[in-house]
Amino acid sequence: MKKRYMLVALTSLVLSMTACNGFLDREPDKIMTDEQIFNDPVMIKSVLANYYGRVTWGQHVADWGSFAIIDDAAKCDGGPDQRSTFEDDLWRVYDYTLVRNINQFLKGLRETTALTDAEKAPLEGEARFLRAWYYFNMCRGLGGMPIVGDDIFDYTPGMDVTSMQYPRSTEAEMYDYIISECQAIAGMMSTNKQTNSARANKWAAKMLEARAALYAGSIANYNNKMTTPIKTDGGEVGIPADKAEGYYKIALAAAEDVIQNSPYELQDKRPDDKGLNFYQAVSVKENNTEVIWARDYKYPGQTHGFTNFNAPKSHAEDIDNSWLGVVLNLVEQFEEIDTDTPGEGSKIETMENGSYKFYDSADAPFKNRDPRLWGTVIYPNATLKSSPVILQAGQLNKVDGKWQILTGDLDSKDAQGNIITALNGPKESNEQYINKTGFYIRKFIDETPSAGTRGRGSEMWMPRFRMAEAYMIAAEASFELSNGKALDYINAVRNRAGVKPLKTVTFDNIVHENRVEFAFEDHRYWDMKRWRLADKIWNGNNNDELARHRRLWPYLVVAPGDPNDGKWVFVEDYLFMSPNARYFRMQNYYNFLDLGWINNNPKLVKNPYQ
Amino acid sequence: MKILSNIFSLLVLVVLFSGCGKDNYDAPDSRLTGTITYNGEALNLRGTGEAIQLQLFQDGYDKHDPISVYVGQDGVFSAMLFDGEYKLVTRDGNGPWVNNRDTMVVNLKGSADIKLEVTPYYLIKNEQISVTESAMTASFTIEQIVPSATINKVMLILSKTQFVDDVNNVFRQDISDVKSGAVSFTADISGNTDVSNAKALYARVGVLANGADQAIYSSIVRIR
């Protein structure tokens with residue numbers, strides 16, 4: 001026993017004497033020092049790449065559920081989506097860690113000697129652009145928040161933290177800061193196109209400047225037209241009305257710079273097929289001339305499941321499918337090509353003289369509408385990957401001289417071999433993988449083979465700025481400034497789309513054009529907010545057609561001997577999957593501040609209604 | 001050995017049973033109840049969805065998170081609290097009344113019943129609501145309390161539960177361009193199967209003032 005103790009004691013002694021051979025004194029290989037990073041151009045680029053991966057907020061393709069929150073699409077997966085109101089922290093952005101990291105990067109970059117000043121400039125421009133983009137995303141949700149500039153805070157225990165507690169800036173100051181940053185960096189950045197538009201260049205900075213100025217201008221304008229404008233005493237929320245004109249002018253100048261001087265153009269390579277042209281302009285990277293800055297994805301490693309989850313069942317490549325269903329609310333916004341009232345949507349007629357309206361084909365109500373409908377939505381019998389997507393809820397039979405609806409299981413056929421209910425549905429069910437609205441989404445669906453599998457995923461990008469927005473910003477700013485140029489700009493977008501040009505422009509035309517052009521591109525929610533329209537449209541009334549999701553289901557007429565045999569009828573109804581109308585409350589115009597932030601920094605004031 | 005393990009088990013048991021005393025507080029058992037009133041009369045409000053909230057603050061602590069107090073559709077609220085001095089305030093911009101963020105100091109000892117006076121933009125009086133198979137008819141008086149207020153819309157609402165408001169309903173019709181005074185409206189409900197199939201049916205009308213985030217309601221009328 002004693003011997004063993006001795007042995008243990010000896011071993012410990014030996015170990016303690018010899019342990020310091022440097023084995024534990026290695027340099028960590030996962031934590032880099034500033035010197036290691038900023039003396040190596042490749043490392044500098046890697047660090048910058050990290051920031052690009054941290055700036056995706058709002059609705060986006062890797063989070064398709066986000067598209068079902070507003071009135072463009074509904075969840076079709078499983079049982080109903082009970083959503084009515086919007087959360088107080090919906091799409092709230094608050095990440096000062098990112099700002100601190102970017103400021104550390106800027107400090108390291110400015111001090112390094114590994115790069116020449118000419119090489120540093122575009123990198124500094126990109127970092128500051130991402131920081132401005134962050135502030136913009138935060139500001140559109142929260143209003144004015146602390147601006148920390150280039151400061152890097154370091155905390156040592158026991159120090160006085162009050163010097164780190166910055167008060168909120170005003171909403172106007174925040175937009176001014178974003179605009180001035182964009183103006184300062186535009187000259188530093190590349191003017192060339194970037195691979196897959198993944199990195200920001202001068203034109204992305206110009207677009208951010210234009211969009212920020214437009215948002216600021218519309219808040220100054222429309223907020224003050226409300227009965228009780230939403231504002232705080234210190235201006236953290238709310239912009240004085242007299243600033244509107246200045247902001248609109250900045251927005252117009254920046255957008256015109258992009259239109260006149262940038263290497264991008266409204267992509268119009270397929271004038272013979274405008275629907276395909278629009279799809280390619282937004283959703284195809286190869287030879288794209290439209291998209292200025294996008295969140296790009298690349299296999300392996302950087303892919304997402306949007307195509308996998310949202311492809312039609314008949315075209316699915318894996319188990320998942322049919323998660324999102326586009327709602328009729330959006331579909332009927334796409335105007336008919338030969339309409340007498342260009343620039344506004346129109347309902348799809350389902351009844352005629354007290355009976356069904358009979359259409360010659362399943363796609364008849366849709367194929368003569370705005371070609372952007374084809375490029376955005378998969379409607380019944382539209383082509384995907386060169387085969388049609390069959391959507392058929394059931395048959396319309398004639399029984400004893402009366403029309404009667406017949407439905408069945410998915411992929412069911414009658415004795416004559418006619419489809420009763422198609423494989424894709426639509427069908428009323430609480431099961432997953434069934435379409436329930438009558439429409440699928442096409443925008444951002446990737447046609448690349450195996451892009452719709454769980455294993456690989458899709459490389460589909462999501463554009464953040466594209467040329468059409470430059471035109472729409474120019475159109476809206478011109479409209480608000482009444483300078484007579486709005487018509488030309490909005491008609492440029494409409495001509496490319498393949499719809500009739502407008503003769504005059506109204507505010508409603510601008511709202512409408514933005515909705516159909518930028519559906520599913522994270523525009524509408526923010527547009528409705530800055531125009532202060534959100535509480536009017538999303539009023540929570542379950543009997544309001546605009547506030548509640550609706551469906552449109554196609555039925556094949558099977559009535560041998562009847563003149564309408566083989567034709568199609570459509571039935572419109574509220575969507576059972578969305579039993580509650582969207583209800584945008586006044587408090588939703590600005591996110592609530594987290595109480596934890598206020599406890600940490602008592603200088604932060606709360607937002608209205610909080 | 002066996003004795004040792006027995007002792008050990010006993011020790012563990014004792015620790016398990018007696019361990020939880022030092023760091024636990026008793027649940028709050030003082031009751032604060034109250035009513036939101038105008039001239040002493042309770043207001044009819046929306047009582048669902050945490051729509052109308054009051055905030056209780058207590059000084060002297062590090063954190064300043066308010067305790068949210070939810071108000072029912074009859075204007076009544078209650079909260080279980082510890083004894084102490086609280087500050088009660090309405091939530092900013094919330095409610096069908098003129099925004100007033102003056103604090104009311106509440107001294108709670110055992111229980112307290114308070115009245116929180118507010119100035120609503122409008123009140124609904126003398127409501128007469130009837131429902132036939134095809135129509136809902138409501139006549140009532142919209143009493144203007146704040147002279148500068150304007151009406152955004154009037155809502156006629158039917159619900160199959162006794163919670164009747166702008167969100168909880170089977171039927172809601174919005175009517176705009178309404179002036180205060182005695183009014184009467186009829187809404188077409190023919191073809192609304194939710195209404196015709198409802199075993200129980202309750203009706204209510206509401207008036208939303210421009211600039212308010214919530215409507216003021218009438219009392220609830222049971223139809224069937």
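Author: A residue is called buried if 20 or more other C-beta atoms lie within 10 Å of its own. It is exposed if 12 or fewer do, and partly exposed in between. This is a predicted model, and that test is applied to its coordinates.

Reader: How many of the residues of chain B count as buried?

Author: Of its 224 residues, 34% count as buried. Each of those has 20 or more other C-beta atoms within 10 Å, because that is the cut-off.

Reader: Is chain B compact or extended, and how do you know?

Author: Set the value against the rule. A compact globule of 224 residues would have a radius of gyration near 17 Å. Chain B has 24 Å. The value does not fit the compact globule. The box points to the dimensions: the C-alpha atoms fill roughly 85 × 45 × 25 Å along the principal axes.

Reader: What is chain B built from?

Author: It has 2 helices and 16 strands. The domain assignment divides it into domain 1 (30–117) and domain 2 (122–222). Their centres, taken over C-alpha atoms, are 26 Å apart.

Reader: What makes residues of the two domains count as being in contact, and how many do?

Author: Two residues are in contact if their C-beta atoms lie within 7 Å. By that test, 16 residues of domain 1 of chain B meet 16 residues of domain 2 of chain B. The domain 1 side holds 7 nonpolar, 8 polar and 1 charged residue.

Reader: Which name does a record give to these parts of chain B?

Author: An unreviewed UniProt entry carries the annotation "domain: DUF3823". It covers residues 30–119 and 122–222 of chain B. Such an annotation may be inferred rather than shown by experiment. In the model, residues 30–119 are 0% helix and 50% strand, and the end C-alpha atoms lie 29 Å apart. Residues 122–222 are 4% helix and 53% strand, with the ends 23 Å apart.

Reader: What share of the contacts in chain B joins residues 24 or more positions apart?

Author: The share is 64%, counted among contacts with a separation of 6 or more.

Reader: Now to chain A. Why does its radius of gyration agree or disagree with a compact globule?

Author: With 610 residues, a compact globule would have a radius near 25 Å. Chain A has 28 Å, so the value is taken to agree. Its C-alpha trace spans about 100 × 80 × 45 Å along the principal axes. Of the 610 residues, 48% count as buried.

Reader: How many helices and strands does chain A have?

Author: Chain A has 19 helices and 14 strands. As for its contacts between residues at least 6 apart in sequence, 72% join residues at least 24 apart.

Reader: Why is helix α9 of chain A called largely enclosed?

Author: Count its residues. The helix runs over residues 274–283, and 8 of the 10 are buried, so α9(A) is largely enclosed by the rest of the structure. Among the buried ones are F278(A), Y279(A) and V282(A). The cover includes α13 (372–376), β12 (462–466) and α15 (486–497) of chain A.

Reader: Where do the domains of chain A lie along its sequence?

Author: Domain 1 is assigned to 34–55 + 91–153 + 163–296 + 465–535. Domain 2 takes 302–460 + 541–579. The C-alpha centres of the two lie 35 Å apart. In contact are 20 residues of domain 1 and 21 residues of domain 2. On the domain 1 side, α9 and α16 (507–517) of chain A each give two or more residues. The largest share, 7 residues, comes from α16(A). That side has 9 nonpolar, 5 polar and 6 charged residues.

Reader: Which residues of chain A does the "RagB/SusD" annotation cover?

Author: It comes from an unreviewed UniProt entry and covers residues 289–609 of chain A. That span is 23% helix and 16% strand. Its end C-alpha atoms are 44 Å apart.

Reader: Why is Y222(A) called buried, exposed or partly exposed?

Author: Y222(A) has 19 other C-beta atoms within 10 Å, so it is partly exposed. Buried needs 20 or more. Y222(A) lies in helix α7 (residues 202–222) of chain A. It touches R530(A), W531(A) and R532(A). Y222(A) and K529(A) are 307 residues apart in sequence, and 9.7 Å apart in space, C-alpha to C-alpha.

Reader: How many residues does each chain bring to the contact between A and B?

Author: Chain A gives 17 residues and chain B gives 18. The chain A side divides into 6 nonpolar, 10 polar and 1 charged.

How values were computed: Residues numbered from 1 in each chain as written. Chains lettered and ligands numbered in written order. Predicted model: local features only at pLDDT ≥ 70, side-chain atom pairs only at ≥ 80, totals over all residues. Nonpolar A, V, L, I, M, F, W, Y, C, P; charged D, E, K, R; others polar. Rg over C-alpha atoms; globule rule 2.2 N^0.38 Å. Domains from an automatic or database assignment. Lists of a residue's contacts leave out its neighbours within four places in sequence.
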